[in-house]
Amino acid sequence: MKFSEFPRANIATLPTPLQYLANLTEKLDGPNIWVKRDDLTGVAFGGNKARKLEYIMGDAIDKDADVIVTGAGFQSNWCTQTVAAAKKLGLDIYLVKSAPSEDYDSKDWDGNHLLHHLMGAHVKTVRPEKFMETIDATMEQLKAEGRTPYYTPVGGSDPTGASAYMNAVLELTYQANDEGIHFDSLIHATGSGGTQAGLVLGAKAFNTGMKIIGAAVGWTEKKEQIEKVRGIVKESMKKYSLDFQLRDEDLIVYNEYVGGGYGFMSEAKLEAVKMLAETEGLLIDPVYTATAMACLIDLVRKGGFKKTDNIVFLHTGGAVALFPYKDPIRAYIQGKALPWTKPDWSPAAE
Ligand SMILES: *Cc1c(COP(=O)(O)O)cnc(C)c1O
């Protein structure tokens, strides 16, 4: 199958900017650090999912869908961007969100949860054990009503979604050429794995020599996370007839920066959020990009890069989640003990 033949909806604003982080580079006194601003993809505060949604929504429209069904965590960026993309294309959307209890709602509507309601998504919250059966029931109900629902899995992490990040590698390579540089490594947050799979596919298929480093954000074991990414890479290679040698060293995952669990706050994540805000006026999110930046900072401090290296931090978005985390952020700024590290809306809270 040829890339040029993929059905694609016009959703993201591309290319996203590539910027040099001079102050952060000076502060950390290590390699040259750049940022690829995929937080500026232009749909409801932006993020990496907008790239994937160009292809996912393209496929949905190709299949004559009139309603999208998806789901994820309670404060999900994926849900926000999927709702925005659906609404932009005039489609209805149903969200199933994992929460501490059935029909859970938060005291405040804040961050992504506020946006899901604001954009008019149908929202259902359930315990994680009931997630898939609720998705299936929603699909059946919509079909029974004579509608054409389209299901897209959490994070859009299948070969369709991953192909978007193969494209992003090409985009980044053009930009690096314009700047007269070569990137030795790219660091990003990895969750459902589609972004990393696409980046690995692009880096290998276009022979960039760029190391792709994923900082895991969830509870999965390192090995499990690697296998998740490998699975999507392999499936994509088959689907797109790509032929290259996938080696173990092509799949790099760190899970040392999760800090207790998915969405939990930690001193290292807060340090990363504060450092980027203070040195560059750049806002990163407390869940994903803070984990990846905590990884980057630690690797630089441990001497993991040469001073002559050029590394690029992929900003995958999500900064709207700073607001539901305002209490621990405030405590950190004021040098006080964190009031909590485990959010109320986390299913692990029960
Ligand atoms: C979803 C998300 C990621 C992880 O992308 P995956 O393709 O799911 O691995 C990283 N950063 C942010 C802000 C996200 O919302």
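# Loops, ligand and empty space

User: In which loop does D29 lie?

Analyst: In this predicted model, D29 is placed after one element and before another. The helix α1 covers 22-28, and the strand β2 covers 32-37. D29 therefore sits in the loop between α1 and β2.

User: Does the 52% relative accessibility of D29 count as buried or exposed?

Analyst: D29 is not a glycine, yet its phi is positive, at about 55 degrees. A residue counts as exposed when its relative accessible area is over 50%. The value for D29 is 52%, so D29 counts as exposed.

User: What is the positive phi of D103, which is not a glycine?

Analyst: D103 belongs to the loop between β4 and α4 (111-118). With a relative accessibility of 54%, D103 counts as exposed. Although D103 is not a glycine, its phi is positive, at about 60 degrees.

User: Which residues does a cis peptide bond join?

Analyst: P15 is found in the segment before β1 (18-20). The bond leading to this proline has an omega of about -5 degrees. The residues joined by that cis bond are L14 and P15.

User: Is D92 buried or exposed?

Analyst: D92 is part of strand β4 (residues 92-98). Buried means under 20% relative accessible area. The relative accessibility of D92 is 17%, so D92 counts as buried.

User: Which side chain does a polar contact of 2.9 Å join to that of D92?

Analyst: Leaving out neighbours within four places in sequence, D92 is in contact with D66, V67, I68, K87, H122 and R147. One polar contact, of 3.1 Å, links the side chain of D92 with that of H122. Another, of 2.9 Å, links the side chain of D92 with that of R147.

User: Which residues does D158 touch, not counting those up to four places away in sequence?

Analyst: D158 is in the loop between β6 (149-151) and α6. Its relative accessible area is 23%, so D158 counts as partly exposed. Beyond four places in sequence, the residues that D158 touches are P153 and I232.

User: How many Å apart in space are D158 and L95, C-alpha to C-alpha?

Analyst: Along the sequence, D158 and L95 are 63 residues apart. In space, their C-alpha atoms are separated by 19 Å.

User: Which side chain has an N or O atom 2.6 Å from a nitrogen atom of the ligand?

Analyst: The ligand is surrounded by 15 residues, the closest being K49, K52, S192, T195 and T316. Oxygen atoms of the ligand take part in two of the listed pairings: one is 2.9 Å from an N or O atom in the side chain of N77, and one is 2.7 Å from a polar backbone atom of G191. A nitrogen atom of the ligand is 2.6 Å from a side-chain N or O atom of T316.

User: Which element gives the largest share of the lining of the largest pocket?

Analyst: The largest pocket holds about 900 Å³ of space. The elements giving two or more residues to its lining are α2 (49-62), β3 (67-73), α3 (77-88), β7 (185-190), α7 (194-205) and α8 (222-239). The largest share is 3 residues, and it comes from α7.

User: How many polar residues are in the lining of the largest pocket?

Analyst: The lining is made of 41 residues, and those nearest the centre of the pocket are A72, G73, V154, Y262 and Y288. By class, 18 residues of this lining are nonpolar and 3 are charged. The number of polar residues is 20.

User: How many charged residues does the lining of the second largest pocket have?

Analyst: About 320 Å³ of space lies in the second largest pocket. Its lining has 14 residues, and K107, D108, P324, D344 and W345 are the closest to its centre. The lining has 5 nonpolar and 2 polar residues, and its charged residues number 7.

User: Which helix gives the most to the lining of the largest cavity?

Analyst: The structure holds 3 cavities of 30 Å³ or more, and the largest has a volume of about 50 Å³. Residues lining the largest cavity include Y165, A168, V169 and L172. Its lining divides into 8 nonpolar and 3 charged residues, with no polar ones. The helix that gives the most, with 4 residues, is α6.

Technical notes:
Residues numbered from 1 in each chain as written. Predicted model: local features only at pLDDT ≥ 70, side-chain atom pairs only at ≥ 80, totals over all residues. Heavy atoms only, no water. 1 Å grid on protein atoms, 1.4 Å probe; cavity = no way out; pocket = protein on both sides within 12 Å on 5 of 7 lines; lining within 4 Å. Points joined across faces, edges and corners; volume = space filled by probe spheres on them. Nonpolar A, V, L, I, M, F, W, Y, C, P; charged D, E, K, R; others polar. Buried < 20%, exposed > 50% of the residue type's maximum accessible area, 1.4 Å probe, protein only. Polar contact = N/O pair within 3.5 Å; in protein donor to acceptor, adjacent residues only side chain to side chain. Contact = heavy atoms within 4.5 Å. Near = heavy atom within 4 Å.
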